[in-house]
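Hi everyone, thanks for making room for me today. I'd like to walk you through one structure, so let me put it up on the screen.

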Amino acid sequence: MKATGIVRRIDDLGRVVVPKELRRIHGIEEGDPLEFFVDGDKIILRRYQPGCFFCGNDESLHLFHGKQICTPCITKAVELTKN
């Protein structure tokens, strides 16, 4: 993990400002959804990238009844319906 030397405080509502420099470097715009992960004692924040509802794959996604589903999972589902 790379240190940035940037420190921010959490306000009384639990908010923290993501520094403009980091938003610019990582292409994060106002209104973009961010996702939180926990790894031991670390809190990891990244731009939200929706993946396949079934496997989490983030390539070749198709919207089906409001859910993102990847082509391989669609193919597997079609195969299951043939049996």
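Before I read out the fold, one definition: helices here are DSSP runs of H or I with at least four residues, strands are runs of E with at least two, and both are numbered from the N terminus. And please keep in mind that this is a predicted model.

With that in hand, the order along the sequence is α-β-β-β-β-α. That gives 2 helices and 4 strands in the protein chain. How does the radius of gyration compare with what the globule rule gives for 83 residues? The protein chain comes out at 18 Å, well over the 12 Å from the rule, so it is more spread out than a compact globule. You can see that in the C-alpha trace too, which spans about 55 × 30 × 25 Å along its principal axes.

Two more numbers for the chain as a whole. Of its 83 residues, 7% count as buried, where buried means under 20% relative accessible area. And if you take contacts between residues at least 6 apart in sequence, 3% of them join residues at least 24 apart.

Now the strands, two at a time. S1 and S2 run antiparallel, joined by 6 bridges. If you'd like a pair to look for on screen, Val-38 stands opposite Ile-43 in S2. The hairpin of S1 and S2 has 2 residues between the strands, and Gly-40 takes a positive phi there, near 65°.

On to the other hairpin. Strand S3, residues 61–64, pairs with strand S4, residues 67–70, in the antiparallel sense, over 4 bridges. Here Phe-64 stands opposite Lys-67 in S4. Again there are 2 residues between the strands, and in this hairpin His-65 has the positive phi, near 50°.

Last stop, the largest pocket. Its volume is about 1000 Å³. Which residues are closest to its centre? Of the 25 that line this pocket, those are Val-18, Leu-22, Ile-43, Ile-44 and Leu-45. You met Ile-43 a moment ago, as the residue opposite Val-38. Strand S1, residues 34–39, and strand S2, residues 42–47, each supply at least two residues of the lining. S2 gives the most, with 6 residues. As for chemistry, the lining divides into 16 nonpolar, 4 polar and 5 charged residues.

That's my tour. Thanks for listening, and I'm happy to rotate the model for anyone who wants another look.

Definitions and conventions:
Residues numbered from 1 in each chain as written. Predicted model: local features only at pLDDT ≥ 70, side-chain atom pairs only at ≥ 80, totals over all residues. Heavy atoms only, no water. Pairing = 2+ DSSP bridges. 1 Å grid on protein atoms, 1.4 Å probe; cavity = no way out; pocket = protein on both sides within 12 Å on 5 of 7 lines; lining within 4 Å. Points joined across faces, edges and corners; volume = space filled by probe spheres on them. Nonpolar A, V, L, I, M, F, W, Y, C, P; charged D, E, K, R; others polar. Rg over C-alpha atoms; globule rule 2.2 N^0.38 Å. Buried < 20%, exposed > 50% of the residue type's maximum accessible area, 1.4 Å probe, protein only. Contact = heavy atoms within 4.5 Å.
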